[in-house]
Amino acid sequence: MDPEAQTRQPKPKLLASTRYAILTIYRRLFTLVFLANTAVFVTVMTKEQKLLALVNATAANLLVCGMARQPLVVNAIFLVVCSIPRSAPLPLRKIAAKVYHYGGVHSGCGVASLVWYVGFVGILSNQYWGTTAGARIRLSTTPVMLVYIILVLLLAIIAVAHPTFRLKRHDCFELTHRFLGWIVVALFSALLMIFAHEASLSLHKPLGTFLVTLPAFWFLVATAVSIIQPWLFLRKVAVRAEPLSTHAIRLHFDHTKTAFAEGIQLAKHPLRDWHGFATFPDTAAETDQPSTFSCLVSKAGDWTADTIQKPPAHLWKRGVLTQGFAYAMRVFHRVIVVTTGSGIGPCLSFLGDENRPALRVLWQTRAPLETYGEGVMGMVRQMDYDPIIMDTTRCGRTDMVPIIFQQVREFDAEAVCVISNPLLTKRILYELEARGIPAFGPIFDS
């Protein structure tokens, strides 16, 4: 490395901290979705205040919220947005590569559904306990209790989804988010049937006729289908474990084929904690079965530590392989891949793309050969014949930002792909984007 070249870094852009640290694409999408819902909500509350309008809006937001996390929908989003050719202008490709921030739509609709439902609860409560006898609605205690149970569950789902709680208690977040989400959809469907029955009687229509004309009914049907579909592909699959060291293990699968930037959801028990891993194809030198693929598991918690100590022969998988953040990198000609530790696993997914961009790999890790083995090292050199590998057991931890700036200039890179721990990824992305270098890395909700 040229120490003098590393010190020549451009100055940050004006308002860089606001644009790249606060107003991220994720937050912009969240704000756009939430404000659009708020504007319509205010209009409805100041004019009509119809319960069915609030129910329809709640169901619509629940649908979009769920679909934004549905594997088939996620794959379609990546496929469509990232089909932009590399001949397109770079600013347009930079925007397309931010597609993995789609989680802002998921969270925006989730919070908006709570707003609509609170409005529904407020009007219903006013009509149920109102002082004007003629304006009261007649309901038994059961549906009223159901209304408030759903409200409590929605509040709990949103509370545990807050990034602070999610990072500290991820397993609790996952189980709460999943099971309470299922319960909310079921209870909301039951509540809808009760109100539809009451409305059909007042309008002198058959219940079935009224339901098929009610948007909320179809929204909930689509939501239920989107939830059930991945679990229809729940399978217990064979695993060939390849221990690499006391810190890492490589898991081989042959139940399907993988492609560029696809990830797999794995669990030891189908109803407990699920973990996502990036996949990469096994090389011809390693196996005579071209359909096999692998994922790297490094010690990062109880689940991964147990997997390394007790290599599994079988694991549960659900849904289809899902496109991950790295898929967006295919829109560029030349990319710097920056990673640390086991982050090299997702980077190896580039080997699944025959039309991958030209790559320069910058990898900082502890004892790479001893930890990950010759097989992984060989695949790294398939991505970049002359990778920059920094062994922290020999040279200690190095500030990678100056080195990245130097490599961007020398390699003439269009973008930088960063896969590391959340804090380091966030820091590197900010340092690069604030100085005008297109940089991309997974976020907490990608």
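Colleague: How do you know that strand β6 (residues 280-281) pairs with β7?

Modeller: DSSP gives 2 bridges joining β6 to β7, with the two running antiparallel. Two strands pair if DSSP finds at least two bridges between them, so β6 and β7 qualify. Across that pairing, Pro-281 faces Phe-293 of β7. Keep in mind that this is a predicted model, where local features need pLDDT of at least 70 and side-chain atom pairs count only at pLDDT 80 or more, while totals for chains, interfaces and linings use all residues. Residues are numbered from 1 along each chain as its sequence is written, and side-chain values use heavy atoms, with hydrogens and water left out.

Colleague: What else pairs with β7?

Modeller: Strand β3 (residues 248-253) does, antiparallel and over 6 bridges. One bridge there links His-252 to Ser-294 of β7.

Colleague: And what makes something a strand or a helix here?

Modeller: Both are DSSP runs numbered from the N terminus: E over at least two residues for a strand, H or I over at least four for a helix. By that count the protein chain has 18 helices and 14 strands.

Colleague: Why is Lys-98 called buried or exposed?

Modeller: Buried means under 20% relative accessible area, exposed over 50%, partly exposed in between (1.4 Å probe, protein chains only). Lys-98 comes out at 17%, so it's buried. This lysine sits in the loop between α6 (90-96) and α7. Leaving aside residues up to four places away in sequence, Lys-98 touches Ile-25, Glu-433, Ala-439 and Phe-440, where contact means heavy atoms within 4.5 Å.

Colleague: What about Ile-183: which class does its value put it in?

Modeller: Its relative accessible area is 39%, so Ile-183 is partly exposed. Ile-183 belongs to helix α10, and its C-alpha is 8.5 Å from that of Ile-150, 33 residues away along the chain.

Colleague: How do you know that the length of helix α8 (residues 141-160) fits its residue count?

Modeller: The expected span is 1.5 Å times one less than the number of residues. With 20 residues, α8 should span 28 Å, and its end C-alpha atoms are 29 Å apart, so the two agree. Among the buried residues of α8 are Pro-143, Leu-146, Ile-150 and Ile-157. The buried set packs against α7 (103-129), α9 (163-168) and α10.

Colleague: How does α10 do on that test?

Modeller: Helix α10 (residues 170-203) has 34 residues and reaches 48 Å from first to last C-alpha, close to the 50 Å expected. Right after α10 comes His-204, with a positive phi near 60°.

Colleague: What makes β7 (residues 293-298) a mostly covered strand?

Modeller: Of its 6 residues, 6 are buried. Phe-293, Cys-295 and Val-297 cover one side, Ser-294, Leu-296 and Ser-298 the other, and all are buried.

Colleague: How do the two faces of β5 (residues 275-278) look?

Modeller: The side chains alternate: His-275 and Phe-277 point to one face and are buried, whereas Gly-276 and Ala-278 point to the other and are not. Strand β4 (residues 262-267) runs antiparallel to β5, joined by 4 bridges, and Gly-263 stands opposite Ala-278.

Colleague: Back to the whole chain: how much of it is buried?

Modeller: Of the 446 residues, 49% are buried. Among contacts between residues at least 6 apart in sequence, 73% join residues at least 24 apart. The C-alpha atoms fill a box of roughly 80 × 55 × 40 Å along the principal axes.
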